[in-house]
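Welcome! Please take a moment to look at the chain from one end to the other, and then let us walk through it together.

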Amino acid sequence: MIKFLKGKFHPYSIGSVIVETVSGIGFEVFVPSNSQVYRTLEGEDVKLHTEMVVKDDGMTLYGFSDMESLDVFRMLITVNGVGPKAAMSIMSTLSIGQLVPAIAGGDAKSIATSPGVGKKTAERLILELKDKVGKYAESNGITGNDRSVEGMAASASDIPSDDEFIQALEALISLGYNRSEAMGALEKVKDNASTAEEYIRKALGQLF
C-alpha cells in the first residue's frame, strides 16, 4: 500500500498530477482541484499523502497535501453511494474547514453544490458521518473558519455554480496556474463567456 509519495511535481490532466519519484517513475495521482499542490511549480518537490483504491479495472491513487484531508476522504468513501469520484468532487468544492462543519451541522445544501452530488446523497452522508465528523472536528480543532488546509485560496461560496466555469477553473489549475490566479482571470471574463472553451481561451488571454 502506498501511504505517501515524494518527488517532482508535473501537471497532468484535469484533476490529476504526476509525481516523479527519485527512481524516475511517474505516478498519476488524483488530487482535489483546490489542493495546495497546484501552487507548486513544475519540477518542484512535493509530498502527497495517498490512498490507493483497487477495483477490477485497475488501481487509482488519490492524494492530499495534508493528513486531515486524507482522513476526511477516507470517511467520505465509507458512505454508501459515495465513491472516490464523488468524494473528490465534494472536496474540490468545499475546503475541510467548510466541509467538516457542514457535515456536523447537517448542512446538506452546501454539500449538494458539489458537481454530481445530489441532495439525497448529501443527506445520507450527513446521516452516516455526522457524529463521527463531529468528534473528528473536536479532536483536530477544525472550525468553520479554518483556512489552514485544502481550499485556503478561495471559499466555495466564491465560486459560481456554472458547470462550464468550474470545468474551466479545473482546466486552468491542471495547466499549472494556482487557484487564485485562475479564479481572478475567469472572473474578469465571466460576463463574456458561456462555454468552458470560451472561459479558458479568454482567461488565458488575461494570464499571458
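Two rings of Phe, Tyr or Trp are said to pair if their centres lie within 6.5 Å. With that in mind, look for Phe 30, Tyr 62, Phe 64 and Phe 73, which ring pairs link into a cluster. Keep in mind as you look that this is a predicted model. A search of the whole structure finds 3 aromatic pairs. In one of them, the rings of Phe 64 and Phe 73 have centres 5.1 Å apart and planes at 45°, so this pair counts as tilted. Phe 64 and Phe 73 are both buried.

Now step back to the overall plan. The protein has 8 helices and 5 strands. Following the sequence, you meet the pattern β-β-β-β-β-α-α-α-α-α-α-α-α. Of the 208 residues, 47% are buried. The accessible surface comes to about 10400 Å², and carbon and sulfur atoms own 50% of that surface. How much of the contact network joins residues 24 or more positions apart? Among contacts with a separation of 6 or more, such residues account for 56%.

How are the strands arranged? They form a closed barrel of 5 strands, running S1-S2-S3-S5-S4, with mixed pairing. From one strand to the next, the twist averages 55°.

Let us go around this barrel piece by piece. Strand S1 covers residues 4-13 and is antiparallel to S4, with 5 bridges joining the two. Within this pairing, Phe 4 has His 49 of S4 as its bridge partner, and Leu 5 stands opposite Leu 48. Phe 4 has another neighbour to look for: Lys 47 lies over the face of its ring, at 4.5 Å from the ring centre.

S1 is also joined to S2, again by 5 bridges and in an antiparallel way. These two strands form a hairpin with 2 residues between them, and Gly 15 in the turn has a positive phi of about 90°. Beside that turn you can find Ser 13, whose bridge partner in S2 is Ser 16. Is strand S2 enclosed or open? Since 4 of the 5 residues of S2 (residues 16-20) are buried, this strand is largely enclosed by the rest of the structure.

The next hairpin leads from S2 to S3 and has 5 residues between the strands. Here Gly 24 takes a positive phi near 95°. S2 and S3 run antiparallel and are joined by 5 bridges, and Val 19 has Phe 27 in S3 as its bridge partner.

After S3 (26-30), the chain passes through a loop before strand S4 (45-55), and Arg 39 lies in that loop. Gln 36 is found in the loop between S3 and S4 too. Is Arg 39 buried or partly exposed? Arg 39 has a relative accessible area of 45%, so it is partly exposed. Gln 36 is likewise partly exposed, with a value of 27%. To be called buried, a residue would need to be under 20%. Both loop residues also show how distant parts of a sequence can meet in space. The C-alpha atoms of Arg 39 and Ile 173 are separated by 8.8 Å, although the two residues are 134 apart along the chain. For Gln 36 and Phe 64, the C-alpha atoms are 8.7 Å apart, with 28 residues of separation in sequence.

From S4 the chain moves on to S5 through a hairpin of 2 residues. S4 and S5 run antiparallel, joined by 7 bridges, and in this pairing Met 52 stands opposite Leu 61.

Finally, turn to the helices that lie against these strands. Helix H2 (residues 84-93) lies across S3, S4 and S5, and runs at about 20° to S5. In H2, 9 of the 10 residues are buried, so this helix is largely enclosed by the rest of the structure. Among the buried residues of H2 are Pro 84, Met 88 and Ile 90. For comparison with what you know of helices, an α-helix has 3.6 residues a turn, so residues three or four places apart point the same way.

Terms used
Residues numbered from 1 in each chain as written. Predicted model: local features only at pLDDT ≥ 70, side-chain atom pairs only at ≥ 80, totals over all residues. Heavy atoms only, no water. Buried < 20%, exposed > 50% of the residue type's maximum accessible area, 1.4 Å probe, protein only. Phe/Tyr/Trp six-rings, centres within 6.5 Å; stacked < 30°, edge-to-face > 60°. Lys NZ or Arg CZ within 6 Å of the ring centre and 35° of its normal. Pairing = 2+ DSSP bridges. Axes fitted to C-alpha atoms, helices over the stretch in contact; angles between N-to-C directions. Contact = heavy atoms within 4.5 Å. Areas by Shrake-Rupley, 256 points an atom, 1.4 Å probe, with all protein chains shown as cover.
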